[in-house]
Amino acid sequence: MEALGGNGAFWGWNLPDIRSKKKRFQSKSKSSDSTAEATGAGGYRLPLKQAVTAASLALTGDTIAQLSDRWRKQKQSLSGSSDTSKDIMSSVVSHHDWLRALRMTSYGFLFYGPGSYAWYKCLDHYLPHQTAQNLMLKVLLNQIVLGPCVIAVVFAWNNLWLGKLSQLPNKYQKDALPTLFYGWSLFKPV
């Protein structure tokens, strides 16, 4: 994926390409082709690396969000205590919402990793040249197409897990635009 000018081309650097070039050979027999079709090897394959990366980043981000939220709440409630840091840390760590973390991790693994992989492959296909104009167009498309799609899917995924699908239209009306404009700091998955 050369979306941001891989190999230094966008920045004007002319670096050698050190990525491995796998040589593919074609078999002369038709049996290998039919075997691939029979086993489903020619179909869709989950981009595992991207899925695992997105899942781990979603888990990390949700953990940081939970910890900072609890830290802030605990710090406000213990503002007069002399031993606040020890009390805060024990409370912050012991009240982690693992179901919420699993929700966000599964979203990253099942949706965001594979979806963003397909999105950037599509952008690279339709905007293959590494020009400043294409870079700006990719950024613009990310903001006006990918951003709303990600928000819609993450809201739906969380409401599905919480058993609140009937409240999803209200969630979109109330929170989608503020989340899109001001970021995930306003998004509360609980």
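This passage describes the helices, the core and the salt bridges of a predicted model.

The protein contains six helices and zero strands. Along the sequence, the pattern reads α-α-α-α-α-α. Of the 190 residues, 27% are buried. The exposed surface comes to about 13,800 Å². Carbon and sulfur atoms supply 63% of that surface. Contacts were also sorted by distance along the sequence. Among contacts with a separation of 6 or more, 65% join residues 24 or more positions apart.

Helix 2 covers residues 48-77. Its 30 residues should span 44 Å at 1.5 Å a residue, and its end C-alpha atoms are 43 Å apart, so the two values agree. The buried residues of helix 2 are Ala 51, Ala 54, Ala 55, Ala 58, Asp 62, Gln 66 and Arg 70. A general rule helps in reading such a list. An α-helix has 3.6 residues a turn, so residues three or four places apart point the same way.

Helix 6 covers residues 168-182 and has 15 residues. From its first C-alpha to its last, helix 6 reaches 20 Å, close to the 21 Å expected. Helix 6 also has a kink of about 45° at Asp 175. The kink lies shortly before the proline Pro 178. Asp 175 is itself one of the buried residues of helix 6, along with Leu 168, Lys 171, Ala 176 and Thr 179. These buried residues pack against helix 5, which covers residues 132-162. After helix 6 comes Gly 183, with a positive phi near 100°.

The largest nonpolar core has 13 residues. Tyr 107, Val 154 and Phe 155 have the most contacts inside this core. Helix 4 (98-126), helix 5 and helix 6 each give two or more residues to the core. Helix 5 provides the largest share, with six residues.

Charged pairs were examined next. Side chains of opposite charge can pair when their charged atoms come close. The whole structure holds four salt bridges. Three of the pairs are described here.

One salt bridge joins the side chains of Arg 100 and Asp 62, at 2.6 Å from N to O. Arg 100 lies in helix 4 and Asp 62 in helix 2, so the pair links distant parts of the chain, 38 residues apart. Arg 100 has a relative accessible area of 12%, which means that Arg 100 is buried, under the 20% cut-off. Asp 62 is buried for the same reason, because its relative accessible area is 6%.

A second salt bridge joins Lys 73 and Asp 69. The closest N and O atoms of this pair are 3.4 Å apart. Both residues lie in helix 2, four residues apart, about one turn of the helix. Lys 73 is exposed because its relative accessible area, 53%, is over 50%. Asp 69 has a relative accessible area of 26% and is partly exposed.

A third salt bridge brings together the side chains of Lys 138 and Asp 124, at 3.0 Å from N to O. This pair also links distant parts of the chain, with Lys 138 in helix 5 and Asp 124 in helix 4, 14 residues apart. Both Lys 138 and Asp 124 are buried.

Definitions and conventions. Residues numbered from 1 in each chain as written. Predicted model: local features only at pLDDT ≥ 70, side-chain atom pairs only at ≥ 80, totals over all residues. Heavy atoms only, no water. Expected span 1.5 Å × (residues − 1). Bend = angle between axes of the 7 residues up to and from the residue. Buried < 20%, exposed > 50% of the residue type's maximum accessible area, 1.4 Å probe, protein only. Contact = heavy atoms within 4.5 Å. Core = buried A, V, L, I, M, F, W, Y, C linked by side-chain atoms within 4.5 Å. Areas by Shrake-Rupley, 256 points an atom, 1.4 Å probe, with all protein chains shown as cover.
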